[in-house]
Amino acid sequence: MNFLNPAVLFAMAAAALPLVIHLLSRRRAKDVAWPSIEFLDRMRTERMRRLRLKQLLLILVRTLIIVLIVMAFARPAVNSAFHRNARISAVIVVDSSASMSYVHNGEVVYNTAARKAGEILGMLGENDTAAVILSGDEPHVLGSGGLSADKGKISEILDEPN
Amino acid sequence: MKPVYRDFLSPETVSRLSRLDLIARFVVEGYITGLHKSPYHGFSAEFAEHRQYMVGDSLKYLDWKVFGRTDRMYVKRFEEETNLKSHIILDVSGSMGFHGEGSVTKLRYGSILAAALAFLMIRQRDSVGMVTFSESLKSYIPPRSVQSQLKEIIKVLSAAEPSGATVTGDMLHTLAERIAVRGLVVFISDLFVDPDELIYGLKHFRHNGHEVLVFHICDPKELSFDYGAETKFIDMETGQSITTQPWLIRDDYLSLMNERMTGLVRRMHDISVDYARFSTDVPFDRALSEYLAKRKRLY
């Protein structure tokens, strides 16, 4: 698991707060001379045991809440590597404006882009869909519009010289 | 009773006087002055009428003022002729030393109450005796009706320090046997005793023909149990301690105590023992009224 915002994780220290507060309040116990603890004693066994359990659960839950909130802020992200079989929908935007006619390293830049797009299309699997958008003067989607499973078709249209 | 008088009889105010005998006088006279009329018909420590002096009468009650004015000898006759023998039994165990913030200790309250009652009783020409106890009998002053008795009682009360466990056990039985004449027994305590022992002991008094009045002294903090912080309660008599967060057990604790007291009071009523509860912030006039109401029934 990755965190997109790991800097926030330092706040995880706050998760210790419920426990710390509990421990501190124990040490601060005030001494009180009491006339007869016989009756307090009578209540101690079952009631106080139940109360102790409740207290413990409370601390646990509060700590958990803080942990989850901090984690949420850190934006956990799960790698797609986990899901090799998920379907991909690819949208490729190719710049088809006039500036793409520039020749670089002996090739028209537009053709380079088209080729790259073609490569990506080639990487897609059987179930993946794709759409290619030419973003020139009038951006439009190649082919019939929308995502299409027919990558081959898209490739062809792409290869046609602009 | 007018509110302003009650302020003067509040335990806080009264307790600031240093001498217990002054406090006793202050409380009783303050009480009587504050009333619009006598607490009940017929009560008066004032004299009611003159009776012609006969040879052989004690000169103690001769009205000298009248003699000075008219040369006639009259003996004062007082309303209150019956002579009741009373015993005040005061609990001086460790638990009586408890006090919440701002209140007097239960022992202090009980002592003032005992002193005021003794004062009142002497004025009514009843005889009064004094007993203090904790885990055993601590002191015993046999009942007498002379003025000097008050001094003895005050001395004992002033010296009383709260210590020891609270055990009634044999003490009440021994006392009941010791007292020859039927009278009134006033029992002042916080009632942190074994209920069976207490009832059994009081029953003995009743059996012997005594009237019994129980003054139950509480501290407001004991009744409210509103502690805010985690607290380590240390027993004043045994030294044991328990640490807890009081608000968690408050409701259960209060209902437990309530149950206990209700049961105890019921058992007292069953044996015709009168019971009155006072927390240490209650002005003394109430306690005195309680005593006088009981006293009235004992003619």
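Student: Phe225(B) and Phe233(B): are they buried or exposed?

Tutor: Both are buried. Keep in mind that this is a predicted model. For Phe225(B) we can put a number on it: with a relative accessibility of 0%, and under 20% being the cut-off for buried, Phe225(B) counts as buried.

Student: Where does Phe225(B) lie in chain B?

Tutor: In the loop that links α9 (220-224) to β8 (231-235) of chain B.

Student: And what is phi like at Phe225(B)?

Tutor: General idea to begin with: most residues other than glycine have a negative phi. Now the case here: Phe225(B) is not a glycine, yet its phi is positive, near 50°.

Student: Which residue besides that has a positive phi near 60°?

Tutor: Try Leu191(B), another residue other than glycine. You'll find Leu191(B) in the loop between β6 (184-189) and α8 (195-207) of chain B. Its relative accessibility is 0%, so Leu191(B) counts as buried.

Student: Let's talk rings. How many aromatic pairs are there over all chains?

Tutor: Searching the whole structure turns up 14 aromatic pairs. To describe a pair of aromatic rings, you give the distance of the centres and the angle of the planes. Take Trp64(B) and Phe67(B): their centres are 6.1 Å apart with 80° between the planes, an edge-to-face pair. These two sit three residues apart in helix α4 (residues 64-70) of chain B, about one turn of the helix. As for Phe67(B), it counts as partly exposed because its relative accessibility is 28%.

Student: And what kind of pair do Phe225(B) and Phe233(B) form?

Tutor: A stacked one: 5.6 Å centre to centre, with 20° between the planes. They also belong to one aromatic cluster, made up of Trp34(A), Phe98(B), Phe225(B), Tyr227(B), Phe233(B) and Tyr253(B).

Student: Now sheets. What is the strand order in the open sheet of three strands?

Tutor: Some background: strands of a sheet pair through backbone hydrogen bonds, either parallel or antiparallel. In this sheet the order is β2(A)-β8(B)-β9(B), and the pairing is mixed. The edges are β2 (30-34) of chain A and β9 (241-244) of chain B, each pairing on one side only. From one strand to the next, the twist averages 25°.

Student: In which sense do β8(B) and β9(B) pair?

Tutor: Antiparallel, over four bridges. Our friend Phe233(B) turns up here too, standing opposite Ile242(B) in β9(B).

Student: Which strand pairs with β4(A) in the parallel sense?

Tutor: That's strand β7 (residues 129-134) of chain A, with six bridges between the two. In one of these spots, Ala90(A) has Ala130(A) of β7(A) as its bridge partner.

Student: Which side chains of β4 (residues 89-94) of chain A point to the buried face?

Tutor: Follow the alternation along the strand: Ala90(A), Ile92(A) and Val94(A) point to one face and are buried. Ser89(A), Val91(A) and Val93(A) point to the other face and are not buried.

Student: What about chain A overall: how many helices and strands does it have?

Tutor: Four helices and eight strands. Reading from the N terminus, the elements go β-α-β-α-β-β-β-β-α-β-β-α. Chain A has 162 residues, of which 22% count as buried. You can also ask how far along the sequence contacts reach. If you take contacts in chain A between residues at least 6 apart in sequence, 67% join residues at least 24 apart.

Student: Last topic, helix packing. At what angle do α5 and α6 of chain B cross?

Tutor: The axes of α5 (residues 106-123) and α6 (residues 148-159) of chain B cross at roughly 175° and come within 10 Å. An angle over 145° counts as roughly antiparallel, so α5(B) is roughly antiparallel to α6(B).

Student: Which residues of the two helices meet?

Tutor: On the α5(B) side, Ser111(B), Ala114(B), Ala115(B), Ala118(B), Phe119(B) and Ile122(B). On the α6(B) side, Gln149(B), Leu150(B), Ile153(B), Ile154(B) and Leu157(B). By type, the contact residues split into nine nonpolar, two polar and no charged.

Student: And where does Val146(B) lie?

Tutor: In the loop between β5 (137-144) and α6 of chain B. Val146(B) counts as partly exposed because its relative accessibility is 33%. Its C-alpha atom is 9.1 Å from that of Val128(B), and the two residues are 18 residues apart along the chain.

Definitions and conventions
Residues numbered from 1 in each chain as written. Chains lettered and ligands numbered in written order. Predicted model: local features only at pLDDT ≥ 70, side-chain atom pairs only at ≥ 80, totals over all residues. Heavy atoms only, no water. Buried < 20%, exposed > 50% of the residue type's maximum accessible area, 1.4 Å probe, protein only. Pairing = 2+ DSSP bridges. Axes fitted to C-alpha atoms, helices over the stretch in contact; angles between N-to-C directions. Parallel < 35°, antiparallel > 145°, perpendicular 65-115°, else oblique. Contact = heavy atoms within 4.5 Å. Nonpolar A, V, L, I, M, F, W, Y, C, P; charged D, E, K, R; others polar. Phe/Tyr/Trp six-rings, centres within 6.5 Å; stacked < 30°, edge-to-face > 60°.
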